[in-house]
Amino acid sequence: QVQLVESGGGLVQAGGSLRLSCAASGRTFSNKAMGWFRQAPGKEREFVAAISWSRSTYYAESVKGRFTISRDNAKNTVYLQMNSLKPEDTAVYSCAAARSAYYSGSDYERTMGYNYWGQGTQVTVSS
């Protein structure tokens with residue numbers, strides 16, 4: 001059974017940092033792109049960041065320069081380093097495994113491009 005399990009969420013003050021992890025089990029995703037999405041209360045799920053099988057990265061404009069996505073294929077784990085956090089970053093953050101090794105630009109943002117999802121981890125940024 002394939003599982004994606006996120007960890008590392010929590011409560012942090014504005015300007016602080018958190019590092020999220022997404023551990024995969026049940027199969028290897030080293031040949032698939034991986035992504036992070038978030039959903040705030042009352043809002044639709046939105047794309048945050050993605051990394052291809054070859055480690056090229058793509059970010060939402062709202063997090064570019066503050067967040068960094070990375071992967072450790074030996075551990076079957078994807079990370080999201082979040083710096084300079086803002087109250088508007090408050091959301092449930094979920095990782096997802098893509099159907100493909102890579103996409104072209106904004107295609108990373110399409111939820112239909114991902115076929116495995118984690119349950120999410122809560123990130124709360126206080127002002």
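Let me start with one pair of residues: Thr68 has Gln81 in strand 8 as its bridge partner. Before I go on, please keep in mind that this is a predicted model. With that said, let's walk outward from that pair.

Strand 7 and strand 8 run antiparallel and are joined by 6 bridges. Together they make a hairpin with 4 residues between the strands, and in that turn Asn76 has a positive phi of about 55 degrees. Hold on to Asn76, please, as that residue comes back later in the talk.

Now cross to the other neighbour of strand 8. Strand 3 pairs with strand 8, again in the antiparallel sense, over 6 bridges. If you want to find this on your screen, look for Leu20, whose bridge partner in strand 8 is Leu80. Another pair to click on is Leu18 with Met82 of strand 8. How much of strand 8 is buried? Strand 8 is mostly covered, with 5 of its 6 residues buried.

Let's put those strands into their sheet. There are 4 strands in an open sheet, in the order 1-3-8-7, with antiparallel pairing. Strand 1, residues 3-7, and strand 7 are at the edges with a single partner strand each, so each has one side without a neighbour in the sheet. From one strand to the next, the twist averages 15 degrees. For anyone who likes the chemistry behind the ribbons: strands of a sheet pair through backbone hydrogen bonds, in either a parallel or an antiparallel way.

Next, the cysteines. The model has 1 disulfide. Which residues does the disulfide join? Cys22 is joined to Cys95, with an S to S distance of 1.9 Å. Cys22 sits in strand 3 and Cys95 in strand 9, residues 91-98, so the pair ties together parts that are 73 residues apart in sequence. The torsion about their S-S bond is about 55 degrees, so this is a right-handed disulfide. Are the two cysteines buried or exposed? Buried means under 20% relative accessible area. Cys22 has 1% relative accessibility, so Cys22 counts as buried. Cys95 also comes out at 1%, so Cys95 counts as buried.

Cys22 takes us straight to the next stop, the empty space inside. Rolling a probe the size of a water molecule over the atoms shows where empty space is left. In this structure there is 1 cavity of 30 Å³ or more. The volume of the largest cavity is about 60 Å³. Its lining includes Cys22, Phe29, Met34 and Arg71, and also Asn76, the turn residue I asked you to remember. Which strands each supply at least two residues of that lining? They are strand 3 (18-25), strand 7 (67-72) and strand 8 (77-82). By class, the lining of the largest cavity is made of 5 nonpolar, 4 polar and 2 charged residues.

Let's move over to strands 4, 5 and 6. Strand 4, residues 34-39, pairs with strand 5 over 5 bridges in the antiparallel sense. Trp36 stands opposite Ala49 of strand 5. These two strands form a hairpin with 6 residues between them, and Gly42 in the turn has a positive phi of about 80 degrees.

On to strand 6: strand 5 and strand 6 run antiparallel, joined by 3 bridges. Here Ala49 turns up again, with Tyr59 in strand 6 as its bridge partner. The hairpin of strand 5 and strand 6 has 5 residues between the strands, and Arg55 there takes a positive phi near 75 degrees. Arg55 has 44% relative accessibility, so Arg55 counts as partly exposed.

Strand 5 itself is mostly covered, with 5 of its 6 residues buried. Phe47 lies in this strand. At 7% relative accessibility, Phe47 counts as buried. The C-alpha atoms of Phe47 and Leu80 are separated by 13 Å, and the two residues are 33 apart along the chain.

One last residue before coffee. Ser84 is in the loop between strand 8 and strand 9. Phi of Ser84 is near 50 degrees, a positive value in a residue other than glycine. With 40% relative accessibility, Ser84 counts as partly exposed.

That's my tour, thanks for listening!

Methods: Residues numbered from 1 in each chain as written. Predicted model: local features only at pLDDT ≥ 70, side-chain atom pairs only at ≥ 80, totals over all residues. Heavy atoms only, no water. 1 Å grid on protein atoms, 1.4 Å probe; cavity = no way out; pocket = protein on both sides within 12 Å on 5 of 7 lines; lining within 4 Å. Points joined across faces, edges and corners; volume = space filled by probe spheres on them. Nonpolar A, V, L, I, M, F, W, Y, C, P; charged D, E, K, R; others polar. Pairing = 2+ DSSP bridges. Axes fitted to C-alpha atoms, helices over the stretch in contact; angles between N-to-C directions. Disulfide = S-S within 2.5 Å. Buried < 20%, exposed > 50% of the residue type's maximum accessible area, 1.4 Å probe, protein only.
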